[in-house]
Amino acid sequence: MPKLDRSDFKYNAKVFEKTCLWCGTVYFASRSTAKYCSSTCRGYANQAKNSEEVLPYDETDKMISALLSENAYLKGQLQRYVFENQQLQDKLNQQMPPKD
Ligand SMILES: [Zn+2]
C-alpha cells in the first residue's frame, strides 16, 4: 500500500514527493525517477501499455463491489423465493395430504 509517511526514510534522506502516474496517490519516493506508488500500480501500468482494455484498478474495484452487492441482493431474493416456495408447498400438503 502507498504510504504518505516519511518514517520509512532516514531523517536526512532525500525524499521526493511524487504523484503516482497510475492511481494519482501522492507518495514519498527515494528516487526522483519513481513513477508509481507501488509495484501493483507499476504492474497495471505495464499491462495497460500492452493492452488498451485494462482498466485502472479503482474502476475494477468499483466493478467488483457493484457485483458483490448485486450478488448479495440476488442471494436475498433467492432466499425469499425459497421461503415462499416452502410456504406454498406446505399449503399444498395441507390441502392434499400425501397418500401412503
Ligand atoms: Zn499508485
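Biologist: In which helix do Arg80 and Glu84 both lie?
Modeller: This is a predicted model. Arg80 and Glu84 are four residues apart, about one turn of the helix. The helix that holds both covers residues 57-95 and is α2.

Biologist: What is the N to O distance where the side chains of Arg80 and Glu84 meet?
Modeller: The cut-off for a salt bridge is a side-chain nitrogen of Lys or Arg within 4 Å of a carboxyl oxygen of Asp or Glu. Arg80 and Glu84 form such a salt bridge, and a search of the whole structure finds one. The N to O distance is 3.8 Å.

Biologist: Is Arg80 buried or partly exposed?
Modeller: Partly exposed residues fall between the limits of 20% and 50% relative accessible area. Its partner Glu84 has 35% and counts as partly exposed. Arg80 has a relative accessibility of 42%, so Arg80 counts as partly exposed.

Biologist: What pattern does the chain follow along the sequence?
Modeller: The chain has two helices and two strands. Read along the sequence, they give the pattern β-β-α-α.

Biologist: Which residues are the protein donors of the zinc ion?
Modeller: Each donor is an SG atom lying 2.3 Å from the zinc ion. Along the chain the donors follow the spacing C-x2-C-x13-C-x3-C. The residues are Cys20, Cys23, Cys37 and Cys41.

Biologist: What is the arrangement of the four donor atoms around the zinc ion?
Modeller: Four donors count as tetrahedral if all angles lie between 85 and 135 degrees. Around this zinc ion the angles run from 106 to 117 degrees, so the arrangement is tetrahedral.

Biologist: How many residues apart in sequence are the parts that Cys20 and Cys37 tie together?
Modeller: Both are donors of the zinc ion. Cys20 sits in the loop between β1 (16-19) and β2, and Cys37 in the loop between β2 and α1. The pair therefore ties together parts whose separation in sequence is 17 residues.

Biologist: How many disulfides does the count come to?
Modeller: A disulfide is a covalent bond between the sulfur atoms of two cysteines. The rule applied here asks for a pair of cysteine sulfur atoms within 2.5 Å. By this rule the count is zero.

Biologist: Is Cys20 buried or exposed?
Modeller: The limit for buried is under 20% relative accessible area. Cys37, at 14%, counts as buried. Cys20 has a relative accessible area of 4%, so Cys20 is buried.

Biologist: Which element supplies the largest share of the largest nonpolar core?
Modeller: This core has 10 residues, among them Cys20, Trp22, Tyr36 and Cys37. Both β2 (26-29) and α1 (39-50) supply at least two residues of this core. The largest share is three residues, and the element supplying it is α1.

Biologist: Which residue of helix α1 that is in contact with Tyr36 is partly exposed, with a relative accessible area of 40%?
Modeller: Beyond its neighbours within four places in sequence, Tyr36 is in contact with residues including Cys20, Trp22, Cys41, Arg42 and Ala45. Arg42 has its place in helix α1. With a relative accessible area of 40%, the partly exposed residue is Arg42.

Biologist: How far apart in space are Arg42 and Cys20, C-alpha to C-alpha?
Modeller: In sequence, Arg42 and Cys20 are 22 residues apart. Tyr36 is in contact with both. Their C-alpha to C-alpha distance is 9.2 Å.

Conventions: Residues numbered from 1 in each chain as written. Predicted model: local features only at pLDDT ≥ 70, side-chain atom pairs only at ≥ 80, totals over all residues. Heavy atoms only, no water. Core = buried A, V, L, I, M, F, W, Y, C linked by side-chain atoms within 4.5 Å. Buried < 20%, exposed > 50% of the residue type's maximum accessible area, 1.4 Å probe, protein only. Contact = heavy atoms within 4.5 Å. Donors = N, O, S within 2.8 Å, 3.2 Å for Na, K, Ca; no water. Tetrahedral: all angles 85-135°; square planar, octahedral: opposite > 155°, others 65-115°.
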